[in-house]
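Visitor: I would like to learn how to read a helix and a sheet in a model like this one. Could you take me through it step by step?

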Amino acid sequence: MHIISAKDLSMTYRVPVRGEGLRASLRALVRPEFRRVEAVRQISFEIGEGEVVGFIGPNGAGKTTTLKILSGILHPTGGQAAVLGHTPGQREGDFLRQIAMIRGSRPISAPIEITVLDALRFQQAIYRVPEDRFRMNLAELEELLNLGPLLDRQIRALSLGERMRAGLAWSLLYRPRVLFLDEPTLGLDVVAVTMMRRFVADYAAATGATIMLTSHYMADVEQLCPRIILIDQGKLAYDGSLSGLAQRLTPYKLVKVSTDIDYRGDWERLGEVVSCEAGRTVLRVPREDVREIVARLLADKGVSDLGVEEPPLELVISQAYQEGVGV
Amino acid sequence: MRYNLQVLAQYVRQSFLEWNAGRSFTFTLVVQAVVPPLIGLAVWTRALPGQDLITLYYAVLLFARLLTVSYEHHTFSSRIYSGNLIDDLLRPHPVILAPLGVNLAVRLWHVAMGLPLILVVGMLIPVRPELGSLLLASPALLLAAALQFLFTYGLALTAFWTEKAFGVVGIGQTLIFLLGGEAFPAWLAPSALKPAMNLLPFRYMLGFPAEIAAGQVTGSALLVGYGVQLAWVGLMGLAVAAIWRSGVRRYTAVGG
């Protein structure tokens, strides 16, 4: 069953433009000019129940716009969107009670003067969470997010990482079935990022929630999302697994070889040398040749360690952004 | 309806706690709110010595002022400007409940902080208000509070189109000051201005309940006044709904 579906989804903005100087400014008063900006161009995809999907693309690709459309904040100018069987733009109560959107730039939207517990009680009332469910969910969130020390503190006094923990509890207290995470690790330190990723994975596994995640940190996507949707300039560029994207974009693998003795072989004949120093060499080898090259290296008695790796994800994505996926 | 009232109560509670944390700021707002009625009291008791009703009028007006304050051009417009309106749009209840809750909490703080001043002015009143007049004025006071919220909220919604909502609301507040009974009571207004004051909404946002309490509006004039006030509440409610629909349509079309 599809929980989220987008069919030919489009979003076009009309932005005012004008030339420089006073004359252009005065002319714009009586004859304003506009330019059409196509933020999202006829993208289509479907996401099933329980899927965790990374929604990636360069700045201005249309990621946040799409998330806003799917959460009902924006009305698309073309195509259709459906989430949980609802049209998001209608913002029906039953729909809004089942979704949550967490923005890394503002993880918790409660007033900063109140305590975390007061904020959670507020959510309980707004989302009609029964007292026993509230206590149960809170206990669970307390454990997963180490929330206990934060409950009696004012939100304003929390660090960014603590705000994210409180924000996760605030957004997930009512157990939303669909979660939109917009740059959830933005600005977090390494400890908070690790906690965040582990928590999202645990939440998805425990509740079967459907999650769409945008992030510029590829490690977020790599660790959480078996599937990615890549958009660029508002258009869908790729929809599939990360490894599939890597295969499509980078027709090679990295072979890392450590040698005990000075290897006298000709590295250049085995592959493109990426680095070679202190008995450790990294080769770039075409995917179809990897098996043969590895066999040849293993047959050599001087090889003490050998590993085969995909190219770094950052590199793959960077290449996708710069050169396109080439569908 | 019950759910909406519960949500509203939550917003009042939350905002009350929030404004409690900023008590000193709230106090400065209370001071700003009480100064115009006190100036009116000082000027008119000096200009018309011996008219005890003026003192009674301004004492009730002082209370009305505190009970009708509206700062949606600060509290709500800023949510539109900052993009935080997104948070409100994602909640499963009518968006107006949030600014209304804030409004009620702010008014509670204003009345609580202004109470000592009201008591002092009350002790200085040379005449006792009649209980009947006060009871007759009570519904008008609540309607004035509703009307002023709708008026300010409606003007604050111009933030969907302009960065200058503060200025738009400022013009509205100036009109309330001039034509609402704060600068001068309606019965002392120039005769050319009286019909306009009776017809326009500003008097019904502030001065009307004070006039009733002071015994200046009785009989058929009272009924007509209530009729006009109710009509303005209805019209303002419709106008606010229309502005909201149009504004949120624009917001959801361009993303803020």
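Guide: Begin with a helix and ask which strands it lies across: in this predicted model, helix α2 of chain A, residues 63-70, lies across β1, β2 and β4 of chain A, and α2 runs at about 120 degrees to β1(A).

Visitor: In what order do the strands of that open sheet come, and how are they paired?

Guide: To read a sheet, go from strand to neighbouring strand and note the direction of each pairing. Here the three strands of chain A follow the order β2-β1-β4 in an open sheet, and the pairing is antiparallel. The edges are formed by β2 (33-48) and β4 (78-83) of chain A, each of which pairs on one side only. Direction ignored, neighbouring strands in this sheet are turned against each other by 25 degrees on average.

Visitor: Over how many bridges do β1 and β2(A) pair, and which residue stands opposite I4(A)?

Guide: Strand β1 of chain A, which covers residues 2-17, pairs with β2(A) over 12 bridges in the antiparallel sense, and within β2(A) the residue opposite I4(A) is I47(A).

Visitor: How many helices and strands does chain A have, and what share of its residues is buried?

Guide: For the whole chain, one counts elements first and then looks at burial and contacts. Chain A has 12 helices and 13 strands, and of its 327 residues 36% are buried. When contacts between residues at least 6 apart in sequence are considered, 73% of those in chain A join residues at least 24 apart. Along the principal axes, the C-alpha atoms of chain A fill a box of roughly 70 × 60 × 45 Å.

Technical notes
Residues are numbered from 1 along each chain as its sequence is written. Chains are lettered from A and ligands numbered from 1 in the order in which they are written. This is a predicted model: local features need pLDDT of at least 70, side-chain atom pairs count only at pLDDT 80 or more; totals for chains, interfaces and linings use all residues. Helices (H or I, at least four residues) and strands (E, at least two) are DSSP runs, numbered from the N terminus. A residue is buried if 20 or more other C-beta atoms lie within 10 Å of its own, exposed if 12 or fewer, and partly exposed in between; C-beta atoms are placed from the backbone. Two residues are in contact if their C-beta atoms, placed from the backbone, lie within 7 Å. Two strands pair if DSSP finds at least two bridges between them. Axes are lines fitted to C-alpha atoms, for helices over the stretch in contact, and angles run from 0 to 180 degrees between N-to-C directions.
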